[in-house]
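Here is a short briefing on one protein chain. Look over the sequence and the structure first, then read the notes below.

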Amino acid sequence: MRHDIQPNEQAFSTKEVAEEVGIATPTVRKYGQILERNGYEFLKDGDRRIFVQSDILALIALRDTDKPLDDTAKNLVQQQKERLEGSGGTGVALSDTSYDKLPQDPNQLKELLLFVANELAAAREMNVQLKNDMTQLKTNVAQLQQDHHVISSSIGNSAQRTNSKIERFIEQQNTQYESLLEQERERSELLQKEIQKMREEQKNEWNSQNDFNKRLEEEIQKRKWGWLTAIFRK
């Protein structure tokens with residue numbers, strides 16, 4: 001087990017390490033898995049890794065290496081073993097299964113308990129924050145769904161109103177066209193009647209003129225023969 005953790009040493013979450021190292025959170029988890037696969041030890045809170053400054057340096061080494069990640073991880077594991085062997089029992093000893101390795105120094109025990117309390121408080125705070133974030137996310141999703149419904153309804157109503165206006169306009173245009181067509185038909189019929197009337201009047205006038213010409217011609221003939229007759233009588 002690790003016993004290189006110093007009293008009051010600051011601990012970091014995965015998200016904080018990602019911001020500190022300048023890599024994505026999934027990349028932090030990936031590097032952690034590579035290190036553990038090669039024998040590296042992390043402090044754990046259940047399944048969650050707790051990072052200290054030496055762990056951050058190991059992640060930076062993986063980030064900046066030009067070698068295969070597993071080769072670099074093996075070197076980091078070896079450095080950790082040497083560091084743990086060199087530190088001996090002078091640090092804070094931690095054990096998951098027994099209490100006989102806990103620090104006997106009350107100050108060290110107090111520091112360890114304070115560290116654990118801070119981690120639990122941080123975990124609780126993170127859980128509360130996650131819960132609040134989920135609640136806010138649900139609220140935002142519900143609001144977005146409502147907005148989408150409102151927008152869709154508004155678009156549908158607007159389209160329906162537009163279609164109604166277009167239909168009314170087309171109907172008005174058709175009505176106006178039919179009215180104009182009917183007026184034009186009436187004018188055409190009236191004009192044809194006027195033309196027919198003028199033709200009949202012209203025909204009657206020609207017939208009257210012909211009758212007049214015939215009577216005039218007959219009268220002239222009568223007078224002509226009467227005049228000749230009168231001459232012969234003399």
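From start to end of the sequence, the chain runs α-α-β-β-α-α-α. That gives five helices and two strands. The model is predicted. The notes start with the whole chain, then turn to helix H1 and its surroundings.

**Whole chain**
- The chain has 234 residues, and 19% of them are buried.
- Take the contacts between residues at least 6 apart in sequence: 64% of these join residues at least 24 apart.

**Just before H1**
- Ser13 sits in the segment that precedes helix H1, which spans residues 14–21.
- Is Ser13 buried or exposed? Its relative accessibility is 9%, so Ser13 counts as buried, the cut-off being under 20%.
- Leaving aside residues up to four places away in sequence, Ser13 touches Arg48, Phe51 and Met126.

**The two sides of H1**
- Four residues of H1 are buried: Thr14, Val17, Ala18 and Val21.
- Viewed down the axis of H1, these buried residues fall within an arc of 100°, so they line one face of the helix.
- A general rule helps here: an α-helix has 3.6 residues a turn, so residues three or four places apart point the same way.
- Lys15, Glu19 and Glu20 lie on the other side of H1 and are exposed.
- What covers the buried residues of H1? The cover includes helix H2, residues 25–37, and H3.

**H1 against H3**
- Two packed helices are described by the angle between their axes and the distance between the axes.
- Helix H3 covers residues 53–64, and H1 packs with H3 at an angle of about 50°. The two axes are 11 Å apart.
- Why is the pair called oblique? An angle of about 50° is neither under 35 degrees, the limit for roughly parallel, nor within the 65 to 115 range for roughly perpendicular, so the pair counts as oblique.
- The crossing of H1 and H3 is right-handed.
- H1 contributes Val17, Glu20 and Val21 to the contact. H3 contributes Ile56, Leu59, Ile60 and Arg63.
- By class, this contact of H1 with H3 has five nonpolar residues, two charged ones and no polar ones.
- Val17 and Val21 belong to the buried set of H1, whereas Glu20 is exposed.

**Just after H1**
- Gly22 follows H1. The phi of Gly22 is positive, near 85°.

Terms used. Residues numbered from 1 in each chain as written. Predicted model: local features only at pLDDT ≥ 70, side-chain atom pairs only at ≥ 80, totals over all residues. Heavy atoms only, no water. Buried < 20%, exposed > 50% of the residue type's maximum accessible area, 1.4 Å probe, protein only. Contact = heavy atoms within 4.5 Å. Axes fitted to C-alpha atoms, helices over the stretch in contact; angles between N-to-C directions. Left-handed = near helix turned anticlockwise from the far one by under 90°. Nonpolar A, V, L, I, M, F, W, Y, C, P; charged D, E, K, R; others polar. Arc of directions from axis to C-beta.
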